[in-house]
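Me: I'd like to learn how to read the empty spaces in a protein model and what fills them. Can you walk me through one?

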Amino acid sequence: MSPPTTTPAAGISAADFSWIQDFVRRESAIRIDEGKEYLVVSRLGPVAAAHDISDLGQLVERVRAQPRGRLSVDVIDALTINETSFFRDVHPFRTLVTDVLPELMRANAATRRMRIWCAAASSGQEPYSVAMAIHEHLPALLGWDLQILATDISRAVLARAAHGEFSHLDVNRGLPASMLVKHFHRQGARWRISDDIRRMVRFEHTNLIGPWAAPRGTDVVLLRNVLIYFDDATRNDILHRMRQTLVPGGYLGLGGTETTVGAPTDYDRVTLGRSVWFRTLQEPPL
Ligand SMILES: C[S@@+](CC[C@H](N)C(=O)[O-])C[C@H]1O[C@@H](n2cnc3c(N)ncnc32)[C@H](O)[C@@H]1O
């Protein structure tokens with residue numbers, strides 16, 4: 001039998017790389033492109049070490065044998081890209097509090113209920129930015145039945161998010177100094193978000209390709225900088241299901257590049273200031 005073809009610099013055989021690509025796609029819809037062996041090696045090396053596994057060939061064997069085990073969860077976690085920052089892209093957070101939520105508050109005045117879902121929330125900067133923006137600019141909403149749900153496939157980032165602790169680098173990216181002073185306190189080299197803001201957000205695990213934690217009747221969904229990792233069919237399926245989750249007249253916010261490339265066509269595109277939103281106007285399709 002000939003030895004497996006291994007790219008020496010990459011440290012993973014072609015067959016194992018291909019198996020990991022398929023496994024991650026099947027479990028999370030995340031595409032790992034050809035040529036990304038270095039990424040897989042650098043991300044899975046520490047996972048192998050933590051599980052006392054000497055090489056990636058053995059790691060793949062173990063995941064194959066127990067695809068529902070802890071190791072598999074750690075493999076998927078390690079291959080997610082969790083890049084995020086407070087008030088990322090600024091403008092959507094502005095128009096959320098100047099236009100989107102005020103409009104929905106008028107629509108929901110009778111029920112005084114508001115449901116917001118950050119559907120790929122990473123380490124929490126996005127949902128906490130929403131909570132701080134509401135605290136600052138729409139305090140009336142704090143007296144409503146307000147729920148900010150934050151979900152992600154990665155249990156590791158969710159745990160960090162729920163803890164609400166950030167590095168110096170994190171709070172230096174996008175967070176206005178006034179908000180740092182008002183809503184964080186320093187704990188050594190870390191910054192802890194105030195309980196007032198932390199309690200406004202509920203964190204739950206949700207894989208966007210499986211059943212969702214968010215109920216129908218959600219008013220605003222932020223689904224930012226995640227669809228770019230999926231293929232067209234998965235993206236369309238998620239956007240279609242999102243319409244059923246959103247209330248008629250509800251708003252969907254995507255990431256900057258996602259509003260042009262592969263933007264949903266069956267929502268109304270609404271340009272507000274310097275940000276783009278997608279609104280569901282019709283009754284959701286069956
Ligand atoms: C690049 S981050 C974006 C974070 C935030 N929305 C933002 O724009 O700053 C993408 C997030 O999507 C999550 N993700 C990837 N695939 C997912 C899936 N199938 N279901 C749920 N979350 C997923 C990743 O774990 C990661 O935290």
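Reply: Sure, and let's start right at the ligand. In this predicted model, an oxygen atom of the ligand is 2.6 Å from an N or O atom in the side chain of Asp-152.

Me: Which side chains have an atom facing a nitrogen atom of the ligand at 3.1 Å or at 3.0 Å?

Reply: Glu-126 has a side-chain N or O atom 3.1 Å from a ligand nitrogen. With Asn-207, a polar side-chain atom and a nitrogen of the ligand are 3.0 Å apart. As for cover, the ligand on its own would expose 600 Å², and the protein buries 99% of that.

Me: How many residues surround the ligand, and which are closest?

Reply: The count is 22, with Ser-28, Thr-84, Ala-120, Asp-152 and Asn-225 as the closest. Asp-152 is the one whose side chain we just met at 2.6 Å from a ligand oxygen. Sorted by class, that shell comes out as nine polar, eight nonpolar and five charged residues.

Me: How do I get from contacts to empty space?

Reply: The general idea is simple: roll a probe the size of a water molecule over the atoms, and you see where empty space is left. Here, the largest pocket holds about 370 Å³ of space, and that pocket is where the ligand sits.

Me: Which residues lie nearest the centre of the largest pocket?

Reply: Those are Ile-81, Ala-120, Asp-152, Asn-225 and Val-226, out of 25 lining residues. The lining divides into twelve nonpolar, eight polar and five charged. Ala-120, Asp-152 and Asn-225 should ring a bell, since they are also among the residues closest to the ligand.

Me: What lines the second largest pocket?

Reply: That pocket has about 260 Å³ of space. Its lining includes Phe-23, Glu-27, Pro-67, Arg-68, Ile-153 and His-205. Asn-207 belongs to that lining too, and you'll remember its side chain from the 3.0 Å pair with the ligand. By class there are five nonpolar, four charged and three polar residues.

Me: Which helix gives the most to that lining?

Reply: α4 does, with four residues. Both α4, spanning 70-78, and α1, spanning 14-28, supply at least two residues each.

Me: What about cavities? How many of 30 Å³ or more does the structure hold?

Reply: Just one. A pocket is open, whereas a cavity is a spot where the probe fits but cannot get out. The largest cavity has about 50 Å³ of space.

Me: Which residues line the largest cavity, and which strand gives the most?

Reply: The lining is Arg-115, Ile-116, Trp-117, Gln-147, Leu-149, Ala-214, Pro-215 and Thr-218. β3 gives the most, with three residues, while β3 (113-118) and β4 (145-152) each bring at least two. Class by class, you get five nonpolar residues, two polar and one charged.

Technical notes. Residues are numbered from 1 along each chain as its sequence is written. This is a predicted model: local features need pLDDT of at least 70, side-chain atom pairs count only at pLDDT 80 or more; totals for chains, interfaces and linings use all residues. Side-chain values use heavy atoms; hydrogens and water are left out. A residue is near a molecule or strand if one of its heavy atoms lies within 4 Å of it. A polar contact is a pair of N or O atoms within 3.5 Å; within protein, one must be able to donate a hydrogen and the other to accept it, and residues adjacent in sequence count only if both atoms are side-chain atoms. Accessible areas come from the Shrake-Rupley method with a 1.4 Å probe; for residues, only the protein chains shown count as cover. On a 1 Å grid over the protein atoms alone, a cavity is a set of points where a 1.4 Å probe fits but cannot get out, and a pocket is an open set with protein on both sides within 12 Å along at least five of seven lines; lining residues have an atom within 4 Å of a point. A molecule sits in a cavity or pocket if more than half of its atoms lie within 2 Å of its grid points. Ala, Val, Leu, Ile, Met, Phe, Trp, Tyr, Cys and Pro count as nonpolar, Asp, Glu, Lys and Arg as charged, and the others, Gly among them, as polar. Grid points are joined across faces, edges and corners, and a volume is the space filled by probe spheres set on the points.
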